[in-house]
Every structure is written in structure tokens, then in C-alpha cells.
Amino acid sequence: MNKPWPLLMLLAALALQGCDFHGHDDHDHGPTAEKHDGHGGDAHDDHGDHGHGAGNIAVTDYTATTELFVEFPKLVKGEDAGFAAHMTHLKDSGFLPVDTGQLIVTLSGGGAADEKAEAGPSATAGIFRPVLRPVHEGVRRLTLQWVLDGQVVTHDLGEVTVYPDAESAAAEPEAEEGDEGIGFTKEQQWKIPFANEVVSERTFRASVPAMAVIRARAGGEAIISAPGAGLVRASTQGFPFIGMPVKAGQTVANLIPLLGAEQDAAALSLAVDRASIELTQARQERERLESLFKLEAIPEKRLIDARSRERLAIAELNAARGRSASYVEGSSGIALKSPINGSVVAVGAGAGAAVSDGQMIVHVADLDRIWLEARVAESDLGRLGTPNGAFFTLDGTDTPYMAEVGGNATLVGSGGLVDPDTRTVPVIFEMPNPDGRLRIGMNLRTSVFTGERESALAVPSSALVDDNGQAVIYIQTEGESFERRVVTTGTRDGRWVAIRSGVAAGERVVTVGAYQVRLAATAPAALGHGHAH
């Protein structure tokens, strides 16, 4: 029985629409089909649409500066072999795609002449697509070299077999495939901040946790208070403000003292006149007694007393003039000066405000070097030993601040008395504050180094992902394949965390972009396929 033609046409249209679902029109996969051995199926489901056949090879190789992830078919004498080589700059260049230079594929050894093919970057940055047609069969050495301005970076992929014909290549048994892991393509990696590091052993400094507060160092802060009740006025440099730099001896404000209940401007003027008259009388008496002393008519003691009374009268006149001058129109009053170099961290009164005796006017602190006062719990004192440093991280940042005794910091002291309320002991370090981000009074969670050391495998703290309470890292097993690992963590030392189990030396752990790899495992559609070959 024949099917109706309209139904056949509808089925054909639906089939064509399904082929276009992933948008493969711009995915140029080169002249040959490939298979992604050991790669996540979700990220590569579209490869079948482009003729990726069995028996193709995927290799990942690293040098000090580049990562190579290359896919190519089994090599057959006289047949074109298309290489899809993904080149990535490593750490110092931010794991970005290589988009310059030439990539040279070379077959050498096996008693035959070298055979080469080269290509520049394709339309997709990071991917080079050289095509090599082997002339000689047998076991040969395969190398890929990236060349730019005389610089040569060589990836030696070892020995490969060039088969005499396609039948021989197809007859070669395939290697058993293991767990394909989490697929996360190079194109996806290149679009996000991404990095990995080799897991290696490090020396860790043991530490104990502590709460800490940032304080000004001794002699590094000054609270400038009112010497009496009065009105605050600005200095010639303006009224102080938070963050304003000041020098030692600089006037930060002026104080106009308040008059007493029985004083006014007239009384102050009278006091100046009275002191002036008393000085005149004292001077005249001193001159008279000097004349009598020359005639030996009086003892010397009377002359000495007269001179003392004159000096006292001079001092009283100067004081009276100073008090009166504070209330003369345009007078600046009593200068309030900073005794240290530093910055204004607090202002206690505004211009023209009335203040009381002892009230804080300006708080100045030296922020170039500060004290880190860590409070170590009584229960950790047995492990503390001789503190030789501390580290902490500010919220919202990844880079830890390090205070290392003998380096950038000094141990000011370790308390010998346990606080009866908090059951803690203070340990104080003096350290630099070069970027000024540490503020006086800031509370922190810190770790104090105890002086003990141990060796352990290490990963950066940025590699750790909290997965429902489990510490998880992601290992890059191949260029586009990853593995989730549950790990047991140990000592923390700055940005490094000791790993007790779950990882081996030499493996590459994702240090930037671990969350996106996790997302690729749980919801691959959220990241898209994005593969171009």
C-alpha cells in the first residue's frame, strides 16, 4: 500500500528541521570525521552529524606555555588526514585561545623522509586545521609545532602508525573506552575565565583559627581633643575630613574657648591692662633696686626677688593678651595640632560646633603600617607554640593577606593572660597596609601560624567547590574531559589547601571556572555545545 505523498513530504521536512536544530551551519569540522575518545557525550552529541567515525584519536599535551588538544583520524598512506588542533595559552596568558602563528604537523623517523603540513588559525580562534597526506607507511613520530616570530613550541605526541590502507586501519582493534567524564569543550572554556594548575606537594605551615581586629600601632594614632569648652573653627587649610592626610605639627582645627559666667570681652581687656600696669610697676621697682644695689645700700636678695616679680608680670601679661586675642575679630583661637603623620580617620565635631572639655575633635592614624590583633582561643594555646605569622582574606576577595614574621611583619607580642570573658589570648603582629584596604577597627577571621610545618599535596582554595557540604574539585583529565572528585582537606596556608585524599600528584585541577564545569555536568544545555571543528 502506497503512503500518501503529503505525509512523506511532512516527514522529510521534520527530518531536515531536526538536523538544523543545533545550528551546525557554521561548524566547519575539516575534511575528516573524528571521534572524541574519553569525552562527555552531552557536549559532543552533534559530532555524529558531521561524520565523526570510529577509530579517531584525541590527544592532550602540555608544554610550559601552551596546551594542545588535537583530534585526528587514523593515519592511512595516501589519504588526507585532517587535524583539529585546539591551542591554548597557559597560565601567564590567561588560558586564552592561540590566534596567531602557524601550526606545523610533522611525521618523522621510521627510516623515511619527514613529512609536513601546516596551517594558520582558522575562523575559530584557537583552532588550527592542517591536512596531512602521508606518503610512507609504518611507525613514525608525530610532532606538532607552533611557530611565531622565530619562537617554536613543540608538542611531541610520540609514535603513531601510518597504515598501508583503510582496511588495515579499520582492522586494528580499538582501545577500550573508560568513563567519558564531564564534557566541557575548549570553545566553552575560552569564553569564560578559566585556569588549571598541576597538583604538587607543598610545605604547609600549621595554623590555628582566630578572630582578629585591625588596630593602629602604638604611637601610630592620636586623638586630638578640646583642651576646654569652646567653639571649633577651621584651620587655614580648611576643616578636617575623613581621609585627609596630615603631617606632624599641622594645625587641623582651632578652638575658641568659651568665656566663664562672669567674663566678657571687657573683662578680658581689663585683665590685659591690669597685667600691663603690674609689669610697669615691677620693672620700675627692679630698676630702683638695681641703683641701690650698686651703692651697696641693699642686699642682693632684694634685687633677685624684684627681677623674679618682673618676669612673672611679663608672663601674666602674655597670658592675658592670649586670652583676649581669642575673641578679637578674625582671631584663630587655640591651634589644635596633630602630633603624628597620618590620615584623618574620624571627625568628632563640625566647624562652629560647641564642644566640651576633653571632647574628641579629630582622630588621626598612620595607616601605612597597622597591628593585627588576633584573639586565639584558650583551647588552641597548646598548639600555638611560637607564632610566626598569620593570614586572612577579606570578604569578596580571593587573595589572602599574609603577615610573615621575618618578612613583611613583626611579632609585637603574645599575651600572657587569658581574658576571663572571651577565654582568648591576644597575639599581635605589625604588618604593612600598602593598598590601604585594612581599616582601623575592622573585624576579621584569621589563622595564626604555629611554627610547625608539614608536606602535603596542595590545591588553591579557588579550586574547591562546596557541593552540599562536600569538598569537591574538578580534574581536567583531557582537553575537553573533566572528572568530579570528592576530597578530604587539611591545613590551609594562604591561598593553598592541603588535600589528604581524592587527588594524585601531577593531575591538573581546575582553579578558575570550576563552577561552570560543575554546571556542565548537571545542566549541559545551560552552557550550550559551541563546538567548532
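**View 1. A salt-bridge network joins five charged residues.** In this predicted model, Arg283, Arg286, Glu290, Arg307 and Glu310 are linked in a network of salt bridges. A salt bridge here is a side-chain nitrogen of Lys or Arg within 4 Å of a carboxyl oxygen of Asp or Glu. Side chains of opposite charge can pair when their charged atoms come close. By this rule the count comes to 26 salt bridges. A word on reading these legends: residues are numbered from 1 along each chain as its sequence is written, and side-chain values use heavy atoms, with hydrogens and water left out. Since the model is predicted, local features need pLDDT of at least 70 and side-chain atom pairs count only at pLDDT 80 or more, while totals for chains, interfaces and linings use all residues.

**View 2. Arg485 forms salt bridges with Glu483 and with Glu507.** Between Arg485 and Glu483 the closest N and O atoms are 2.7 Å apart. For Arg485 and Glu507 that distance is 2.6 Å. The Arg485 and Glu507 pair links distant parts of the chain, 22 residues apart: Arg485 is in strand 31 (residues 481-486), and Glu507 is in the loop between strand 33 (496-501) and strand 34 (508-512). Helices (H or I, at least four residues) and strands (E, at least two) are DSSP runs, numbered from the N terminus. Arg485 is buried, with a relative accessible area of 15%, whereas Glu483 is partly exposed at 34%. Buried means under 20% relative accessible area, exposed over 50%, and partly exposed in between (1.4 Å probe, protein chains only).

**View 3. Glu373 forms a salt bridge with Arg375.** The closest N and O atoms of Glu373 and Arg375 are 3.3 Å apart. Glu373 is buried, with a relative accessible area of 12%. Its partner Arg375 is partly exposed, at 23%.

**View 4. Leu144 is a well-connected member of the largest nonpolar core.** A nonpolar core is a set of buried Ala, Val, Leu, Ile, Met, Phe, Trp, Tyr and Cys residues joined through side-chain atoms within 4.5 Å. This one has 22 residues, of which Val70, Leu75, Phe83, Leu142 and Leu144 touch the most other members. At least two core residues come from each of strand 2 (66-72), strand 5 (84-89), strand 6 (102-108), strand 10 (138-148) and strand 11 (151-163). Strand 11 gives the most, with four residues. Not counting residues up to four places away in sequence, Leu144 touches ten residues by name: Leu68, Val70, Ala85, Leu103, Ile104, Val105, Val153, Thr154, His155 and Leu157. Contact means heavy atoms within 4.5 Å. A second, separate core of 21 residues includes Ile214, Ala390, Phe392 and Leu394.

**View 5. Strand 10 pairs with strand 6 and strand 11 in an open sheet.** Five strands form this sheet in the order 3-11-10-6-7, with mixed pairing. Two strands pair if DSSP finds at least two bridges between them. The edges are strand 3 (75-76) and strand 7 (115-119), each pairing on one side only. Seven bridges join strand 6 to strand 10, which run antiparallel. Here Ile104 stands opposite Gln145, and Val105 has Leu144 as its bridge partner. Strand 10 and strand 11 are also antiparallel, over ten bridges, with Gly138 partnered by Val162. Thr143 lies in strand 10 and is buried, at 13% relative accessible area. Beyond its neighbours within four places in sequence, Thr143 is in contact with Ile104, Val105, Thr106, Thr154, His155 and Asp156.

**View 6. Asp149, Glu296 and Arg423 take positive phi values.** Most residues other than glycine have a negative phi. Asp149, with phi near 50 degrees, belongs to the hairpin of strand 10 and strand 11, which has two residues between the strands. Glu296 has a phi of about 60 degrees and lies in the loop between helix 4 (265-294) and helix 5 (300-325). At 73% relative accessibility, Glu296 counts as exposed. Arg423, with phi near 55 degrees, is in the loop between strand 26 (410-414) and strand 27 (424-432). Arg423 is partly exposed, at 39%.

**View 7. Confidence varies along the chain.** The protein chain averages a pLDDT of 84, and 83% of the residues score at least 70. pLDDT is the predictor's confidence in each residue, from 0 to 100. Confidence is lowest in helix 1 (residues 5-19), at a mean of 37, and highest in strand 8 (residues 127-128), at 98. Over residues 1-54 the pLDDT is below 50. Where pLDDT is low, the predicted coordinates should not be read in detail.
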